[in-house]
Structures are given as structure tokens and as C-alpha cells.
Amino acid sequence: MARANPHFLNLKSSYLFVDIAQRVAAYQKAHPERSIIKMGIGDVTEPLPAACREAMKAAIDELGSKATFRGYGPSEGYGFLRDAIVENDFANCGISSDEIFVSDGSKQDSANIGEIFDASATVAVTDPVYPVYVDSNVMAGRSGDAEGDRYSNFVYLDSTPENGYLPALPSEPVDIIYLCFPNNPTGTVISREKLTEWVNYARREKAVIIYDAAYVAFVSDPEIPRSIYEIEGAHECAIEMRSFSKIAGFTGVRCAYTVIPKALKLADAEGNEISAHQLWNRRHGTKFNGTSYPVQAAAAAVYSPEGQAQVKELVSFYMENARLLREAVTALGLSCVGGENAPYVWIQVPGKSSWDFFDNLLNNAGIVCTPGAGFGTCGEGHIRLSAFNSRENVIEAVERLKTVEL
Ligand SMILES: *Cc1c(COP(=O)(O)O)cnc(C)c1O
């Protein structure tokens with residue numbers, strides 16, 4: 001019988017969303033008259049911007065005519081999109097368009113990037129964390145054994161109220177560091193000074209930072225860096241990932257990109273320098289045939305003047321939701337972070353487990369949140385509220401929060 005990949009057997013079942021669904025279903029059954037507001041979801045709610053829809057329709061019409069039909073495109077993405085990305089997202093960052101790899105999602109990019117590293121590489125992840133970084137490295141055999149909620153070979157970087165949810169540099173050698181800012185789930189951002197410490201650390205220790213900037217569009221504070229490549233030396237040690245999912249409602253349309261500067265070098269067994277860009281280029285060309293043309297056309301439309309105005313409006317809509325949620329939570333006397341430069345509000349629930357607080361919110365207010373424990377050990381004692389919702393739901397949730405007894 002064919003043997004299964006043993007590393008997959010090391011994965012922990014993620015019961016988080018199943019558990020949430022079961023508790024919600026039980027509550028709804030007991031209270032069929034009560035409407036439930038789902039504030040836990042990490043999916044956008046507002047429709048695709050008009051500029052993107054129009055570009056997609058025009059692209060489809062092109063595909064319908066023999067003169068303008070296109071088949072396979074370049075696996076790394078069309079030049080029109082890569083150029084627009086560099087001009088708009090990396091002006092003055094020293095990134096060139098051939099360092100951009102267009103894909104169909106940051107989830108898969110952040111999971112697949114591990115393939116260019118040695119199987120024995122030591123991985124550092126924050127706690128709480130976006131679970132993809134953890135599970136993809138478990139599948140790759142880098143985790144070691146499961147020990148409670150953690151794995152023996154990963155280095156965990158605790159994000160706690162004490163450190164303002166900005167973890168300290170690793171105290172032991174690591175090869176790959178996953179950082180996500182603005183952060184999911186905590187909604188925190190990283191200052192230029194702190195990010196510089198990470199870049200300096202990675203250069204000194206010859207580690208690589210995988211920088212997930214999926215939520216960068218939500219940053220309004222001018223002091224917060226928009227790209228890791230604003231930091232000197234980051235080209236030698238950082239891979240940045242961005243997605244059109246949250247900025248432009250592409251969660252179902254699917255388009256993202258990964259930046260791998262040519263200056264980023266890995267080592268072979270003898271210590272010779274190997275270009276990470278070349279390895280990823282080879283991997284991308286082997287396993288991917290490109291994001292579809294209509295989708296890339298829609299993504300490029302985000303950078304048109306109309307597209308820019310429309311996504312700005314989307315972002316401010318969600319951020320007003322976030323502001324209302326923060327205000328309501330603060331009025332309850334709870335401490336929270338996030339919701340200012342990110343669409344998530346991360347709330348401390350002192351003296352309660354995150355699941356107890358989840359039950360309390362559900363049973364007494366009909367509000368569904370995400371229990372922090374689902375994102376890691378340090379998420380215990382916290383819940384996440386998402387600003388991705390209709391205004392109507394947010395206003396109703398704010399009213400209901402007023403009646404919650406802690
Ligand atoms: C939503 C999200 C992404 C985007 O994933 P896509 O596959 O591009 O939709 C990436 N990273 C984090 C942390 C996210 O929350």
C-alpha cells in the first residue's frame with residue numbers, strides 16, 4: 001500500500017471554525033427568533049469595485065475575438081500588471097517589475113514559499129499566528145513533534161499585551177521568520193524603527209523574513225512603513241507578499257503577488273550563494289501557469305484613477321466599521337488594539353477564557369466573534385472582531401454590545 005506523507009499526520013485538526021459553527025447552530029436552534037450577527041469572519045462583504053468589473057468584462061470580450069484572444073500567459077504575470085504594481089506599490093523602493101511574481105493568492109504563496117528552503121530550516125512564527133505559516137511547515141516536515149498547542153522545532157515569538165503584541169527578536173538561531181503587518185489577528189502595525197530591528201537581525205543572522213502585507217491598504221498612519229523594502233537592506237533578506245483580496249474584494253476573484261528581490265541569496269550545502277529569485281522563478285514556472293487574464297486585467301484596474309478612488313472608499317468604509325467597534329468595546333471598559341490601521345479589533349477579556357467570552361457574546365448578544373485561542377497559545381484571553389461587515393450589522397452589533405454583562 002502506498003505510504004502517506006508522514007508529515008501530514010503531524011497536523012493538528014483545526015476545530016476552530018467547525019467548533020464556532022456548532023455552537024452557533026446550537027444557539028440558533030434554542031433561539032430561532034434571534035438574529036445572529038457574524039463578526040468573526042475574515043472575508044470581505046462589499047462588492048467588487050466598478051473599475052475592476054469593467055476591466056474584467058473588457059478582457060473577456062478580448063478573449064472572445066480571434067484577433068485579441070490570448071492563451072497561456074507568462075506564469076509570473078503580465079507585464080502590464082507587474083509594471084503597475086512596481087509604479088504604485090513600490091515607488092522609490094528599488095524594486096523592478098521582474099522581481100514581482102503574480103499569483104492567485106497570498107494564502108498559497110505563503111504556504112508554497114517554503115519549497116525553496118532546505119527541509120531542515122528552522123522556522124519562527126508569531127503567536128498568535130495566521131495558521132497557514134504553521135501548517136505548511138508541518139507538511140514540509142519542519143515542525144518536529146506536537147507538544148500541546150505547539151511544535152518542538154518551531155521558534156515561537158510571543159505577541160502579548162506586555163510587549164504591545166510586537167514580539168521580541170528570536171533568542172535562538174532561526175532561518176525563516178514569518179511576519180504579518182498589519183497583523184491578522186491582532187490588527188497591530190509595526191513602526192519603521194521596529195521593522196528596521198528585524199531587517200538588521202535577519203541580515204546579521206542570515207535569516208529570511210517572509211513579510212505578509214495583505215492588509216497594508218488599511219494603514220493610514222503616515223509614519224508606518226508601507227513596504228518592508230522601505231527599510232535599508234531588506235532587499236537582501238525579505239520576501240514581501242501582497243494580495244488584492246482585502247483591498248479590492250478579490251477574495252473570490254483571486255489575485256496576489258510575491259516580491260523576491262534578486263539581491264536575496266540563500267546558501268547551498270557548501271555555503272555558495274544561490275539566488276532565491278531564480279529558485280522561485282523555476283518553481284513558479286514548473287507548478288503554475290499564471291493567473292487568468294481577466295483577473296489580472298481587473299487587478300491592474302485597481303491602479304487606475306477610478307480604481308484608486310473606489311478602493312479608497314472601500315477601505316474607509318471598513319475602517320469606519322472598525323472605529324465603531326473599537327468605540328463600543330472601549331465603552332464596555334475592555335482594552336483592545338487594532339482597528340486603527342487594520343480591519344481587526346483584538347480584545348482582551350480579562351479573567352475569562354476566549355471560549356467563555358465567545359459563549360457570553362453569543363448567548364447574551366447574538367454576536368459571533370473569533371476566540372483568540374484559535375490563533376495560538378498567546379491568543380488565549382482574547383477575541384477578534386472583524387470590520388468586514390455591512391454597516392447595518394455593525395450598528396446593530398454596537399447596540400447589542402451595550403447590553404452585554406462582562
Ligand atoms: C486574507 C489574508 C491573506 C490573503 O490571502 P489570499 O489567498 O490572497 O486571499 C494573506 N495573509 C493573511 C494573514 C490574510 O489574513
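**Close-up 1. The loop that holds P182 and P185.** In this predicted model, P182 is placed in the loop between β7 (176-180) and α6 (192-205), where strands (E, at least two residues) and helices (H or I, at least four residues) are DSSP runs numbered from the N terminus. The peptide bond that leads from F181 to P182 is cis, with omega near -10°. P185 also lies in the loop between β7 and α6, and a cis peptide bond with omega of about 15° joins N184 to P185. Most peptide bonds are trans. Residues are numbered from 1 along each chain as its sequence is written, and side-chain values use heavy atoms, with hydrogens and water left out. Because the model is predicted, local features need pLDDT of at least 70 and side-chain atom pairs count only at pLDDT 80 or more, while totals for chains, interfaces and linings use all residues.

**Close-up 2. The backbone at N92.** N92 is found in the loop between α3 (79-89) and β2 (100-103). Although N92 is not a glycine, its phi is positive, at about 65°. Most residues other than glycine have a negative phi.

**Close-up 3. The ligand and the shell around it.** Of the 15 residues around the ligand, those that come nearest are D212, Y215, S245, K246 and R254; a residue is near a molecule if one of its heavy atoms lies within 4 Å of it. By class, the shell has five nonpolar, six polar and four charged residues, where Ala, Val, Leu, Ile, Met, Phe, Trp, Tyr, Cys and Pro count as nonpolar, Asp, Glu, Lys and Arg as charged, and the others, Gly among them, as polar.

**Close-up 4. Polar contacts of the ligand (pairs of N or O atoms within 3.5 Å).** An oxygen atom of the ligand lies 2.7 Å from an N or O atom in the side chain of S243, and a polar backbone atom of S106 is 2.8 Å from a ligand oxygen. For K246, an N or O atom of the side chain is 3.3 Å from an oxygen atom of the ligand. Two elements, α4 (106-112) and α7 (245-248), give two or more residues to the shell around the ligand, and α4 gives the most, with three residues.

**Close-up 5. The largest pocket.** The space taken by the ligand is the largest pocket; on a 1 Å grid over the protein atoms alone, a pocket is an open set of points with protein on both sides within 12 Å along at least five of seven lines, where a 1.4 Å probe fits, and lining residues have an atom within 4 Å of a point. The lining is made up of 46 residues, among which F17, Y130, P131, G374 and F375 lie nearest the centre of the pocket. α5 gives the most to this lining, with four residues.

Key: Polar contact = N/O pair within 3.5 Å; in protein donor to acceptor, adjacent residues only side chain to side chain. Sits in = over half its atoms within 2 Å of the grid points.
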